[in-house]
Amino acid sequence: MILSIIGAVVILFLGIGFYNASKLQEIHIQKTVTIKADIQNTFDHVVYFKNFTKWSPFYEADPNQKTTIKGTDGEIGAQFHWNGNQGKDLGYQEIKEIQPLKYIKMECDIQKPFTAKPSFEYTFQKIGNTTKVTQDFNLKSSIIDSFFMWLFSAKKNMEKMNARGMELLKITCEK
């Protein structure tokens, strides 16, 4: 009897988990910030990886991580590599598309602590003396990966990190 109850609870938990995980197979998070800085300054803070550690929420969380830039910084194909959290975080992001002062697309290749290939798209719009920046984060995952994201509330953490990144971009550009 006890085994039947335990079995039913496990099946119920897995059923609820995989149902919720199915909603996380495609994650889209959008954050927008208005920055009191000119569009060129703001665009340069995003397109040049040399500036990334100034506003990266990941670097803020782990300032001892090792970073390297490969390729020509600020151009398509440039890559920002990181190795942090004492070797537990490893990956890189690469610039895939640039429309000067309008749009940047980057794709990430995360190898640790899990594997994922999210993308970040940034759009820039001059509004008077300010620049409106919109960040679109997109991630597609398998049902198994999505189950673990649900289990550990990963989407909430992603939303917090993306919001913090945009907040840090604003602070950095407005200095």
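This passage describes the sheet, the helices that pack on it, and the internal spaces of a predicted model.

The core element is described here by its strand order. Seven strands form an open sheet in the order β1-β7-β6-β5-β4-β3-β2. The pairing is antiparallel. Strands β1 (26–35) and β2 (66–70) are the edges, each pairing on one side only. Neighbouring strands are turned by 20° against each other on average, with direction ignored. In general, strands of a sheet pair through backbone hydrogen bonds, either parallel or antiparallel.

Several pairings can be followed residue by residue. Strands β6 (residues 119–127) and β7 (residues 130–140) are joined in the antiparallel sense over nine bridges. Within this pair, Q125 faces K132 of β7. Towards the other edge, β2 and β3 run antiparallel and are linked by five bridges. Here K66 stands opposite N83 in β3. Strand β3 also pairs with β4, again in the antiparallel sense, over six bridges. G84 has D89 of β4 as its bridge partner. The hairpin of β3 and β4 has four residues between the strands. In that hairpin, N85 takes a positive phi near 50°. Strand β3 (residues 79–84) is mostly covered, with five of its six residues buried.

Two helices contact the sheet. Helix α2 (residues 39–47) packs on the sheet and touches β1, β4 (89–99), β5 (103–112), β6 and β7. The direction of α2 makes about 170° with that of β6. Helix α6 (residues 154–173) lies across β1, β6 and β7. Its direction runs at about 20° to β1.

Residue H45 belongs to helix α2. Buried means under 20% relative accessible area. H45 has a relative accessibility of 10%, and therefore counts as buried. Beyond its neighbours within four places in sequence, H45 is in contact with N51, W55, L169, T172 and C173.

The model holds one cavity of 30 Å³ or more. The volume of the largest cavity is about 110 Å³. Its lining comprises 13 residues. Of these, F52, F58, F120, Y122 and Q135 lie nearest the centre of the cavity. Elements α3 (52–55), α4 (57–61), β6 and α6 each give two or more residues to this lining. Helix α6 provides the largest share, three residues. By class, the cavity lining has eight nonpolar and five polar residues. No charged residue takes part in this lining.

The largest pocket encloses about 960 Å³ of space. This pocket is lined by 35 residues. F58, D89, I110, P113 and F114 lie nearest its centre. At least two lining residues come from each of α4, β3, β4, β5, β7, α5 (143–151) and α6. Helix α6 gives the largest share of the pocket lining, five residues. The pocket lining divides into 20 nonpolar, ten polar and five charged residues.

Some parts recur across these features. Helix α6 lies across β1, β6 and β7, and also supplies the largest share of the lining of the largest cavity and of the largest pocket. F58 is among the residues nearest the centre of the cavity and among those nearest the centre of the pocket. D89 is the bridge partner of G84, and it also lies among the residues nearest the pocket centre.

Key: Residues numbered from 1 in each chain as written. Predicted model: local features only at pLDDT ≥ 70, side-chain atom pairs only at ≥ 80, totals over all residues. Heavy atoms only, no water. Pairing = 2+ DSSP bridges. Axes fitted to C-alpha atoms, helices over the stretch in contact; angles between N-to-C directions. Contact = heavy atoms within 4.5 Å. 1 Å grid on protein atoms, 1.4 Å probe; cavity = no way out; pocket = protein on both sides within 12 Å on 5 of 7 lines; lining within 4 Å. Points joined across faces, edges and corners; volume = space filled by probe spheres on them. Nonpolar A, V, L, I, M, F, W, Y, C, P; charged D, E, K, R; others polar. Buried < 20%, exposed > 50% of the residue type's maximum accessible area, 1.4 Å probe, protein only.
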